[in-house]
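Subject: Structure for you to look through

Hello,

I am passing on the structure we talked about, and below it I have set out what was found in it. Please keep the structure open while you read, so that each residue can be looked up as it comes.

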Amino acid sequence: GLPEGWSVRLGSFSDSDNANNLLRRLKEAGYRAYIRVIPSDRGDLTGVFVGPWVDRLRVNEYQQELQSQFQLAGIVVPYEI
């Protein structure tokens, strides 16, 4: 019964310090950002996300904005609670 949400994943880092640096920059720029561990074949990665948003079209606008501001393409992913 919960609404579906979307986030932009800007990066997945094997070095959590790199993820934390990006997280800090995003928060300083005023974005709602968070990190989450992403299991992979080569060990856990630290993913950096911005969001979530309920409106899928709105998240596309933010993806473009983030790409311009941080030079990171990012991908739109479903938000996981």
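Is Glu 61 buried, partly exposed or exposed? Glu 61 is partly exposed, because its relative accessible area is 48%, and please bear in mind here and throughout that the model is a predicted one.

Let me stay with Glu 61 for a moment, since its side chain meets that of Arg 58 in a salt bridge, with 2.9 Å from N to O. Both residues belong to helix α2, where they are three residues apart, which means that about one helical turn separates them. Arg 58 also counts as partly exposed, because its relative accessibility is 37%.

The search of the whole structure finds two salt bridges, and the other one to look at joins Glu 28 with Arg 24, whose closest N and O atoms are 3.4 Å apart. These two residues both lie in helix α1, four residues apart, and that spacing is about one turn of the helix. Glu 28 has a relative accessible area of 59% and is therefore exposed, whereas Arg 24, at 42% relative accessibility, counts as partly exposed.

Turning to the interior, you will find that the largest nonpolar core has 17 residues, and that Leu 10, Leu 26, Tyr 31, Val 50 and Leu 66 are those with the most contacts inside it. The elements that give two or more residues to this core are strand β1, helix α1 (16-28), strand β3 (45-53) and helix α2 (56-70). If you select Val 50 and leave aside its neighbours within four places in sequence, you should see that it is in contact with residues including Leu 10, Leu 26, Tyr 31 and Leu 66, and also with Ser 7. Another core, of five residues, lies apart from the largest one, and among its members are Tyr 34, Ile 38, Phe 49 and Val 77.

Finally, Ser 7 deserves a look of its own, and you will find it in strand β1, which covers residues 6-13. Ser 7 counts as buried, because its relative accessibility is 0% and the cut-off for buried is under 20%. Its side chain is joined to that of Tyr 34 by a polar contact of 2.8 Å. Beyond its neighbours within four places in sequence, Ser 7 is in contact with a list of residues that includes Tyr 34, Phe 49, Val 50, Trp 53, Ile 75 and Val 77.

Best wishes

Conventions:
Residues numbered from 1 in each chain as written. Predicted model: local features only at pLDDT ≥ 70, side-chain atom pairs only at ≥ 80, totals over all residues. Heavy atoms only, no water. Buried < 20%, exposed > 50% of the residue type's maximum accessible area, 1.4 Å probe, protein only. Polar contact = N/O pair within 3.5 Å; in protein donor to acceptor, adjacent residues only side chain to side chain. Contact = heavy atoms within 4.5 Å. Core = buried A, V, L, I, M, F, W, Y, C linked by side-chain atoms within 4.5 Å. Salt bridge = Lys/Arg side-chain N within 4 Å of Asp/Glu carboxyl O.
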